[in-house]
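Okay, thanks for making time, everyone. Let me put this one on the screen and talk you through it.

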Amino acid sequence: MVDYSVFTEKAVQPNDKLIAEALGKKYPLWQGAIAIAESICGPITQQWMYHGRKYGWYCKLLHKKKNILFMAPLDGYFRIVFLFNDQAVSEIEASDAISDTVKEDLRNGEQYNIGRSLNVNIKFKKNLADIRQLIEIKGAK
């Protein structure tokens, strides 16, 4: 089953208060993921995008004009979506610091002309260790 953003109303763009309500105790993980991106990449711009009623609102994190990742607030947790080029995919596969689960999810991700997608559900603090490694790879490419 695929989960989509809990924010499906076009007229209601998510803000920190709404995200905190949707994520509950997981909201500090949302803030932590953004802080990790900023610590690795530098200043981050958050760009909210609406993808229709079925998919709802997603937050894209950018450094300058470079897309780092997408974040989707779900019910009690959130998803981070990356798009990696072939060089980054090879680096992830070779990394001892990234979990086998994430590597398997990457292998099963959608392949596009510009790279391979990776979806990571963030439900526990330990998930942020993989996110840190993935952002380091993404930020360097």
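I'll go through the sheet, then the helices, then the core, and finish with two single residues.

Quick housekeeping: this is a predicted model, so local features need pLDDT of at least 70, side-chain atom pairs count only at pLDDT 80 or more, and totals for chains, interfaces and linings use all residues. Residues are numbered from 1 along each chain as its sequence is written, and side-chain values use heavy atoms, with hydrogens and water left out.

Helices and strands here are DSSP runs, numbered from the N terminus: H or I with at least four residues for a helix, E with at least two for a strand. Two strands pair if DSSP finds at least two bridges between them.

So, the sheet. It's open, six strands, in the order 1-2-3-4-6-5, with antiparallel pairing. Strand 1 (45-50) and strand 5 (111-112) sit at the edges with a single partner each, so one side of each has no neighbour in the sheet.

Now look at strand 4, residues 78-84. On one side, strand 3 (residues 66-73) is joined to strand 4 by four bridges, antiparallel, and alanine 72 stands opposite arginine 79. The hairpin of these two has four residues between the strands, and there glycine 76 takes a positive phi near 90 degrees. On the other side, strand 4 pairs with strand 6 (residues 115-122), again antiparallel, over seven bridges. Across that pairing, leucine 83 stands opposite serine 117, and phenylalanine 84 faces arginine 116.

How many residues of strand 4 are buried? Six of its seven, where buried means under 20% relative accessible area, exposed means over 50%, and partly exposed is in between, with a 1.4 Å probe and protein chains only.

On to the helices. Helix 5 (residues 100-107) lies across strand 4 and strand 6, at about 135 degrees to strand 6. Axes are lines fitted to C-alpha atoms, for helices over the stretch in contact, and angles run from 0 to 180 degrees between N-to-C directions. The axes of helix 4 (residues 86-94) and helix 5 come within 10 Å and cross at roughly 150 degrees. That makes the two helices roughly antiparallel, the label for angles over 145. In contact terms, meaning heavy atoms within 4.5 Å, Val89, Ile92 and Glu93 of helix 4 meet Lys103, Leu106 and Arg107 of helix 5.

Next, the core. A nonpolar core is a set of buried Ala, Val, Leu, Ile, Met, Phe, Trp, Tyr and Cys residues joined through side-chain atoms within 4.5 Å. The largest one has 38 residues, and Trp30, Met71 and Leu134 have the most contacts inside it. Helix 2 (residues 27-41) gives the largest share of this core, eight residues. Leaving out residues up to four places away in sequence, methionine 71 touches nine-odd familiar faces, among them Trp30, Ala33, Tyr58 and Phe78.Last, two residues. Is serine 117 buried or exposed? At 11% relative accessibility, serine 117 counts as buried. Its contacts beyond four places in sequence include Phe82, Leu106 and Tyr112. Lysine 64, in the loop between strand 2 (57-63) and strand 3, counts as exposed at 69% relative accessibility. Phi of lysine 64 is near 60 degrees, a positive value in a residue other than glycine.

Conventions:
Parallel < 35°, antiparallel > 145°, perpendicular 65-115°, else oblique.
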